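The following exercises concern residue environments, helix geometry and ligand contacts. Each task is followed by a solution in steps.

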Amino acid sequence: MITRIHNTDAEAACALIERILQVTNERPAGQTVNIALSGGSTPALMFRLWAEQYDAQTPWDRIRLFWVDERCVPPTDEESNYGMTRDNLLNKINIPKENVVRIKGENTPEDEARRYETEVRSMVPEEEGFPQFDIVLLGAGDDGHTSSIFPGQEHLLTTDKAYAVGTHPKTGQQRIALTGMPIIHARLLIFLLTGKGKAQVLADIIDQNDAGPAAYVGHHALHTVEVFTDKAAAEQA
Ligand code: 6PG
């Protein structure tokens, strides 16, 4: 596990974008890089910086964007992870429409989990029977969750379904979530954790314990794990 501690959240975000570009440019010409994005608030800054500072150097025709998870709301809802990505990134770049593969939060949750898994499996190569993304970008909550795999729903870490329905323990909001097995099969598993609120979950990930779902997938990842963080999180960790 490689942990990169930057002075600020913006510097961590830029370093992460540059890492993604490095992975993309290292792939043979013509090969598509399949990236699964998380939502929440942390990635918004990264998406804005990507559009503002790295758009021209990003080969969008070779990048296909999927989602790690989505709230079961329409894309017009302020809670939508796709909506956040659209507003901060997608509306500002020229990525081919077919390279954006969103989870349809407006659909019935269980039906959408099955539909999206089928769609992902038709586009993403597999490893040991699970979709293997080139990059899975994860955030983590201060309760130790990642994707939409919350404490108390650890069965989602080992299910043989690649996508499943999770439930936010406080709000009861249902979410479509990439589960533990495809996460740990990622060729490159990246955590973006910034701000002092992430100190404990960052410490658990670095400690490689199984304290919560985020630490678990970092601990059991089968390939490369990289953590992009800032001093605000790391100094408290
Ligand atoms: C989501 C995310 C989730 C997120 C964490 C951290 O749908 O909320 O995918 O896993 O990464 O909750 O969220 P913040 O970035 O808002 O702290």
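**Exercise 1.** Determine which residues are in contact with Trp50, leaving aside its neighbours within four places in sequence.

*Solution.* Step 1. With contact defined as heavy atoms within 4.5 Å, the partners of Trp50 are Ile17, Ile20, Asp55, Thr58, Trp60, Ile63 and Leu89. The model is a predicted one, in which local features need pLDDT of at least 70 and side-chain atom pairs count only at pLDDT 80 or more, whereas totals for chains, interfaces and linings use all residues. Residues are numbered from 1 along each chain as its sequence is written, and side-chain values use heavy atoms, with hydrogens and water left out.

Step 2. Trp50 is also one of the residues that touch the most other members of the largest nonpolar core, which has 76 residues. The others are Met46, Phe133, Val136, Tyr163, Leu189 and Phe191. Such a core is a set of buried Ala, Val, Leu, Ile, Met, Phe, Trp, Tyr and Cys residues joined through side-chain atoms within 4.5 Å. Helix H1 gives the most to this core, with nine residues.

**Exercise 2.** Establish whether Thr58 is buried or exposed, and describe its surroundings.

*Solution.* Step 1. Thr58 is located in the loop between helix H2 (42-53) and strand E3 (63-67). Helices (H or I, at least four residues) and strands (E, at least two) are DSSP runs, numbered from the N terminus.

Step 2. Thr58 counts as buried because its relative accessibility is 7%. Buried means under 20% relative accessible area, exposed over 50%, and partly exposed in between (1.4 Å probe, protein chains only).

Step 3. A polar atom of the Thr58 side chain lies 2.6 Å from the backbone oxygen of Tyr54. Apart from neighbours within four places in sequence, Thr58 is in contact with Leu21, Trp50 and Ile63.

**Exercise 3.** Compare the spans of H2 and H1 with their expected values.

*Solution.* Step 1. The expected span of a helix is 1.5 Å times one less than its number of residues.

Step 2. H2 has 12 residues and reaches 18 Å from its first C-alpha to its last, close to the expected 16 Å.

Step 3. For H1, the 18 residues should span 26 Å, and this agrees with end C-alpha atoms 26 Å apart.

Step 4. In H2, the buried residues are Pro43, Ala44, Met46, Phe47, Leu49, Trp50 and Ala51. Their cover includes helix H1 (9-26), strand E2 (33-37), E3, helix H3 (81-88), strand E7 (135-138) and strand E10 (188-193). The buried residues of H1 include Ala12, Leu16, Ile17, Ile20 and Leu21.

**Exercise 4.** How many residues surround the ligand, and which are the closest?

*Solution.* Step 1. There are 14 surrounding residues, and the closest are Thr42, Asp69, His145, Ser147 and Lys198. A residue is near the ligand if one of its heavy atoms lies within 4 Å of it.

Step 2. Oxygen atoms of the ligand lie 2.6 Å from a polar side-chain atom of Thr42, 2.5 Å from a side-chain N or O atom of Lys198 and 3.3 Å from a backbone N or O atom of Gly39. On its own the ligand has 410 Å² of accessible area, of which the protein covers 88%. Accessible areas come from the Shrake-Rupley method with a 1.4 Å probe; for residues, only the protein chains shown count as cover.

Step 3. Ser147 lies in the loop between E7 and helix H5 (155-158). Ser147 counts as buried because its relative accessibility is 6%. Its phi is near 50°, a positive value in a residue other than glycine.

**Exercise 5.** Characterise the position of Gln173 and its contacts.

*Solution.* Step 1. Gln173 lies in the loop between strand E8 (163-167) and strand E9 (174-178). Gln173 is buried, with a relative accessible area of 15%.

Step 2. Gln173 and Cys72 are 101 residues apart along the chain, while their C-alpha atoms are separated by 7.2 Å.

Step 3. Leaving aside neighbours within four places in sequence, Gln173 is in contact with Arg71, Val73, Glu79, Gly166, Thr167 and His168. The side chains of Gln173 and Arg175 are joined by a polar contact of 3.0 Å. A polar contact is a pair of N or O atoms within 3.5 Å; within protein, one must be able to donate a hydrogen and the other to accept it, and residues adjacent in sequence count only if both atoms are side-chain atoms.
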